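Visitor: I'm new to this one, so please pick a single part and take me through it slowly. After that, I'd like to hear how the aromatic rings pair up.

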Amino acid sequence: MAYRVLSLDGGGSWALIQVRTLMKLYGAQAKGHQILKDFDLVAANSGGSIVLGGLVEDLGLDVLLSYFEDEQKRRAIFSPTKSWGDRILQDVAGIGPKYSAKAKLTALQNIMRNSGGKTLSTSVAGVGRTAGKDVELLIVAFDYDRNRAAFFRSQKSAGPGLGVGAVADVTLAEAIHASTNAPVNYFDEAAKFPDRPGRYWDGGITGYNNPVLAGVTEALMSGVAASDVVALSIGTANVALPWPTASTDQPPYFSAPSKTGLVNDLHKLATSILDDPPDVATFMAHMMTGGKVAGAIQTASRIVRLNPLISPQQKTKGEWSAPGTMTASQFEFLADLDMDAVEQHEVDAIAAYAELWLNDDAPNQPIRMDGDTLKLEVGYELFSQSHQAWKLLLTL
């Protein structure tokens with residue numbers, strides 16, 4: 001029987017895409033434990049860890065979606081910082097923190113009233129794919145003081161010569177608080193816990209914004225054979241624009257060299273935790289589990305990537321346009337939208353694009369593509385194709 005991994009990317013408010021994806025896979029009325037019981041391990045980062053928290057809380061997917069799409073609930077997580085210095089810096093230079101880390105922890109505890117105060121291991125006690133074995137949780141953060149990745153586990157991870165990955169002693173809400181604490185342009189201080197030491201930044205700082213590689217590695221450390229691992233990696237959308245080849249290739253449908261300078265460089269550094277096109281983590285997980293590079297484009301893989309690409313479509317040679325019925329201005333707005341989308345019209349735009357993707361009217365991110373031309377190399381171009389591939393893996 002295959003060992004199933006679910007991986008949930010970071011991405012702030014864009015994590016609503018993951019909830020809508022799960023609705024498509026399981027039905028709008030499905031509840032969290034029903035989904036968790038389909039997997040042996042769930043790895044999550046940042047916004048994806050909030051989705052995981054809702055699943056552990058056993059919320060209905062429709063209720064969980066409201067925490068991203070309802071403005072009042074969303075603003076409880078993205079609560080403005082009370083520092084006038086931070087606000088002035090944002091107004092004058094366009095950089096600096098906008099939100100209160102301390103208020104975020106309270107909001108997360110309110111979302112997970114039943115499970116948020118429990119340790120990770122006790123929060124999923126009795127919830128598992130097989131009798132007597134609970135689903136494993138793996139939440140990624142960055143240890144601010146030790147300058148290294150922090151993995152909050154619900155179960156001990158051990159392997160010959162690999163040491164022991166200890167079970168986390170923090171609560172579920174605290175682990176998610178650590179994982180969601182994007183620095184510099186977002187939250188005003190490192191995430192801290194009320195009754196225990198430690199300071200943390202967003203897990204994306206570690207390179208695990210897409211945590212599928214961490215999840216697959218965790219399975220291998222526990223003694224699972226690589227050929228027995230299958231993984232479903234759900235993203236929060238990536239912008240992928242072809243590189244210009246002629247003077248007529250201009251934005252919004254083509255990449256442009258970034259401006260340099262202190263302010264632009266700081267902004268680029270702060271947002272780089274989300275950038276990884278083509279998606280190295282998914283491709284590495286593909287190779288680790290026996291995937292191939294050569295052969296047919298849709299090479300058989302034990303890794304399935306479900307993630308909308310904000311990319312133009314090539315109608316004819318040299319002619320590109322926005323997906324579906326989008327206008328050029330709508331495409332440009334979405335491509336430039338930050339992960340901390342809090343205004344209702346911003347979230348509505350994300351939700352609308354998610355629907356285009358779920359209906360095969362916007363492209364899916366493959367496992368590997370050419371970063372300049374966006375040509376497919378490994379994987380699937382459409383949601384329906386990836387969905388079908390995952391259904392086949394579920395029979396293993």
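Guide: Happy to, and keep in mind that this is a predicted model. Let's start with helix α4 and what lies over it. The cover on the buried residues of α4 includes α1 (16-26), α2 (32-36), α3 (47-56), α5 (71-77), α7 (101-111) and α14. Underneath that cover, the buried residues of α4 (residues 61-69) are L61, L64, L65, S66, Y67 and F68.

Now take one of the covering helices, α1, which is where you'll find R20. At 17% relative accessibility, R20 falls under the 20% cut-off, so it counts as buried. Leaving aside residues up to four places away in sequence, R20 touches L65, E69, A351, A354, E355 and L358. L65 is also among the buried residues of α4.

Y67, another buried residue of α4, has a charge for company: K73 lies over the face of its ring, 4.7 Å from the ring centre. You can find a similar arrangement elsewhere, with the charged end of K104 over the ring of F187, 4.9 Å from its centre. F187 also belongs to an aromatic cluster, together with F78 and Y99.

That brings us to the rings. Searching the whole structure turns up 12 aromatic pairs. One of them is F142 with W201: the ring centres are 6.2 Å apart and the planes meet at 25°, so this pair is stacked. It joins distant parts of the chain, as F142 is in strand β3 (residues 136-143) and W201 is in strand β8 (residues 199-202), 59 residues apart. F142 is buried, at 12% relative accessible area, whereas W201 has 24% relative accessibility and counts as partly exposed.

Next come W357 and F383, with ring centres 5.1 Å apart and planes at 75°, so here the pair is edge-to-face. This pair, too, links distant parts of the chain: W357 is in helix α14 (residues 344-358) and F383 in helix α15 (residues 383-393), 26 residues apart. W357 is buried at 0% relative accessibility, and F383 is buried as well, with a relative accessible area of 2%.

And α14 takes us back to where we began, since that helix is among the elements covering the buried residues of α4.

Definitions and conventions: Residues are numbered from 1 along each chain as its sequence is written. This is a predicted model: local features need pLDDT of at least 70, side-chain atom pairs count only at pLDDT 80 or more; totals for chains, interfaces and linings use all residues. Side-chain values use heavy atoms; hydrogens and water are left out. Rings of Phe, Tyr and Trp (its six-membered ring) pair if their centres lie within 6.5 Å; planes under 30 degrees apart count as stacked, over 60 as edge-to-face and the rest as tilted. Helices (H or I, at least four residues) and strands (E, at least two) are DSSP runs, numbered from the N terminus. Buried means under 20% relative accessible area, exposed over 50%, partly exposed in between (1.4 Å probe, protein chains only). A charge sits over a ring if NZ of Lys or CZ of Arg is within 6 Å of the ring centre and within 35 degrees of the ring normal. Contact means heavy atoms within 4.5 Å.
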